[in-house]
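Thanks, everyone. I have one structure to show you today. Let's put it up.

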Amino acid sequence: MIKKHGLELDGDKPDLDPIKVELGRKLFFDKLLSGNKDISCATCHHPSFSSSDGISLSIGVGGKGLGDERQMGVGRDRIPRNSPDIFNRGDEEWHTIF
């Protein structure tokens, strides 16, 4: 998306440790870290969907698929919550979620 829209970094590029970046990427996509081992952070906050799932109430554990095509798992109830985007959450100017 960055290349597609010709976006550029505003300011200096932060110094990032490539080993930590790769570790973070692996943890973000790792389903083994979840209780049921069937969901990762990326399941609901997938980069292809601007780090949100695009549905008003997230499916969560036990579901199948990604984004707005995600379906409830058999015998599961929907838990009222959403998956807001996760961009810039560490920025000091970010104060509220909704």
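I'll start with the whole chain, then go through the helices and the residues around them.

First, a caution: this is a predicted model.

The overall picture. The chain has two helices and zero strands. There are 98 residues, and 22% of them count as buried. Along its principal axes, the C-alpha trace spans about 50 × 30 × 30 Å.

Now helix α1. This helix covers residues 18-29. Does its length fit? What span should the twelve residues of α1 give, at 1.5 Å a residue? The expected figure is 16 Å. The end C-alpha atoms are 17 Å apart, which agrees.

Look at the N-terminal end of α1. D17 caps it. A side-chain oxygen of D17 lies 2.9 Å from the backbone nitrogen of I19.

Next, charges. How many salt bridges does the count come to? One. The partners are R25 and E22, whose side chains meet at 2.7 Å, N to O. Both residues lie in helix α1, three residues apart, about one turn of the helix. The general point is this: an α-helix has 3.6 residues a turn, so residues three or four places apart point the same way. Buried or exposed? Neither label fits R25, because its relative accessible area is 41%, which makes it partly exposed. E22 is partly exposed too, with a relative accessible area of 32%.

Stay on α1 for a nonpolar feature. Which residues form a nonpolar patch on the surface? They are L23, L27 and L33. Together they have about 290 Å² of accessible area. L23 sits in helix α1. L23 is partly exposed, with a relative accessible area of 48%. The cut-off for exposed is over 50%, so 48% does not reach it.

Now the aromatics. A search of the whole structure finds one aromatic pair. The pair is F28 with F29, and the arrangement is edge-to-face. The ring centres are 5.5 Å apart, with 80 degrees between the planes. F29 is partly exposed, at a relative accessible area of 36%.

Move on to the loop between α1 and α2. K37 is found there. What is notable about its backbone? Phi of K37 is near 60 degrees, a positive value in a residue other than glycine. For context, most residues other than glycine have a negative phi. K37 counts as exposed because its relative accessible area is 52%, and the cut-off is over 50%.

Then helix α2, residues 41-44. C41 is found in this helix. C41 counts as partly exposed, at 43% relative accessibility. Where does C41 stand relative to G60? The two are 19 residues apart in sequence. In space they are 9.8 Å apart, C-alpha to C-alpha.

Last stop, the segment after α2. H45 lies there. Is H45 buried or exposed? H45 is buried, because its relative accessible area is 18% and buried means under 20%. What does the side chain of H45 reach? The backbone oxygen of S51, at 3.1 Å.

To recap. Helix α1 carries the salt bridge between R25 and E22. D17 caps the N-terminal end of α1. Further along, K37 has the positive phi, and H45 is buried, with its side chain reaching S51.

That's my tour. Over to you.

Definitions and conventions. Residues are numbered from 1 along each chain as its sequence is written. This is a predicted model: local features need pLDDT of at least 70, side-chain atom pairs count only at pLDDT 80 or more; totals for chains, interfaces and linings use all residues. Side-chain values use heavy atoms; hydrogens and water are left out. Patches are made of residues with over 30% relative accessible area and no salt bridge: like charges are joined within 9 Å, nonpolar side chains (Val, Leu, Ile, Met, Phe, Trp, Tyr) within 5 Å. Accessible areas come from the Shrake-Rupley method with a 1.4 Å probe; for residues, only the protein chains shown count as cover. A salt bridge is a side-chain nitrogen of Lys or Arg within 4 Å of a carboxyl oxygen of Asp or Glu. Helices (H or I, at least four residues) and strands (E, at least two) are DSSP runs, numbered from the N terminus. Buried means under 20% relative accessible area, exposed over 50%, partly exposed in between (1.4 Å probe, protein chains only). Rings of Phe, Tyr and Trp (its six-membered ring) pair if their centres lie within 6.5 Å; planes under 30 degrees apart count as stacked, over 60 as edge-to-face and the rest as tilted. The expected span of a helix is 1.5 Å times one less than its number of residues. A polar contact is a pair of N or O atoms within 3.5 Å; within protein, one must be able to donate a hydrogen and the other to accept it, and residues adjacent in sequence count only if both atoms are side-chain atoms.
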